[in-house]
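Subject: Structure for you to look at

Dear colleague,

Please find below the structure I promised to pass on, followed by my notes on what was found in it. I would be glad if you read the notes with the structure open beside them.

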Amino acid sequence: MEKRENVISILVNNKPDVLARVAGTLGGKGYNIESLCVDVTVNPDVSKIILTTIGTKATIQKIEAQLARLIDVIKVENLTDVETVKRELALIRMTLTADNKNELIRKINQLNCKILTFNSDHCVLEFRGSKAEVDKVLETLKPLGIDDVARTGIAALERKN
């Protein structure tokens, strides 16, 4: 069976230790969480966890079943094959030098990055897009001096008809 990236949405009670149990369920079986995005929903008693992990269809079905059995898990939904809107945010700190400044400004405009700060020796950029788009922006900027990156992980919402 083919392994691929899966996007799993988990609604949980907003309580301490719930995220640790969810992560432990995957880690205990030897599966890595590739990305993780967590926040409270419009109901402050409920949080939504969006995680991505790589596995076969059979493996992911087992993970979903195990997550659904956890105390404080309300709902588990695999969004991989569901029509969804998926986005990721990256904050990118770039080192500025006399040699890269003009090329970096050209790339920032070309890539539609938002400049959050721009000082004499560094700048912080924001980019939002699909995981593939974020990867492409980082690959493009890498030769120009990426100092550090913070990525949110994938946030996803199912489209409604």
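To begin with a single residue: does Ser9 count as buried or exposed? With a relative accessibility of 7%, which is under the 20% cut-off, Ser9 counts as buried. Please keep in mind throughout that this is a predicted model.

Ser9 has its place in strand E1, and its bridge partner in E3 is Ile50. Leaving aside residues up to four places away in sequence, Ser9 touches Lys48, Ile49, Ile50, Lys75, Val76, Glu77 and Leu79. Val124, by contrast, follows 115 residues along the chain from Ser9, and the C-alpha atoms of these two residues are separated by 30 Å.

The sheet around Ser9

The sheet to which E1 belongs is open and consists of 4 strands in the order E2-E3-E1-E4, with antiparallel pairing. Because strand E2 (33-40) and strand E4 (73-78) each have a single partner strand, they stand at the edges, and one side of each is left without a neighbour in the sheet. On average, and with direction ignored, neighbouring strands of this sheet are turned by 15 degrees against each other. Helix H1 (residues 18-28) packs on the sheet, where it touches strand E1 (4-13), E2, E3 and E4, and the direction of H1 makes about 15 degrees with that of E3.

The pairings that involve E3 can be described in some detail. E1 and E3 pair in the antiparallel sense over 10 bridges, while E2 and strand E3 (residues 46-55) pair, also in the antiparallel sense, over 7 bridges. E2 and E3 form a hairpin with 5 residues between them; within this pairing Val40 has Ser47 in E3 as its bridge partner, and Asp39 stands opposite Lys48 in E3. Since 8 of the 10 residues of E3 are buried, this strand is largely enclosed by the rest of the structure.

Two residues with positive phi

Most residues other than glycine have a negative phi, and for that reason two loop residues may deserve your attention when you go through the backbone. Asp72, in the loop between helix H2 (57-69) and E4, has a positive phi near 80 degrees, and with a relative accessible area of 13% Asp72 is buried. Asn112, in the loop between helix H3 (101-111) and strand E6 (114-118), is likewise not a glycine and has a positive phi of about 60 degrees, but at 64% relative accessibility Asn112 counts as exposed.

The chain as a whole

The secondary structure of the protein chain comes to 4 helices and 9 strands, which run from the N terminus in the order β-α-β-β-α-β-β-α-β-β-α-β-β. Taken along the principal axes, the C-alpha atoms fill a box of roughly 55 × 40 × 35 Å. Of the 161 residues in the protein chain, 35% are buried, and among the contacts with a separation of 6 or more, 73% are made by residues 24 or more positions apart. The chain exposes about 9,700 Å², of which carbon and sulfur atoms supply 50%. As for charge, there are 24 positive and 22 negative side chains, and the centres of the two sets lie 3 Å apart.

With kind regards

Notes
Residues numbered from 1 in each chain as written. Predicted model: local features only at pLDDT ≥ 70, side-chain atom pairs only at ≥ 80, totals over all residues. Heavy atoms only, no water. Pairing = 2+ DSSP bridges. Axes fitted to C-alpha atoms, helices over the stretch in contact; angles between N-to-C directions. Contact = heavy atoms within 4.5 Å. Buried < 20%, exposed > 50% of the residue type's maximum accessible area, 1.4 Å probe, protein only. Areas by Shrake-Rupley, 256 points an atom, 1.4 Å probe, with all protein chains shown as cover. Lys, Arg positive; Asp, Glu negative; His and termini not counted. Charge placed at Lys NZ, Arg CZ, Asp CG, Glu CD.
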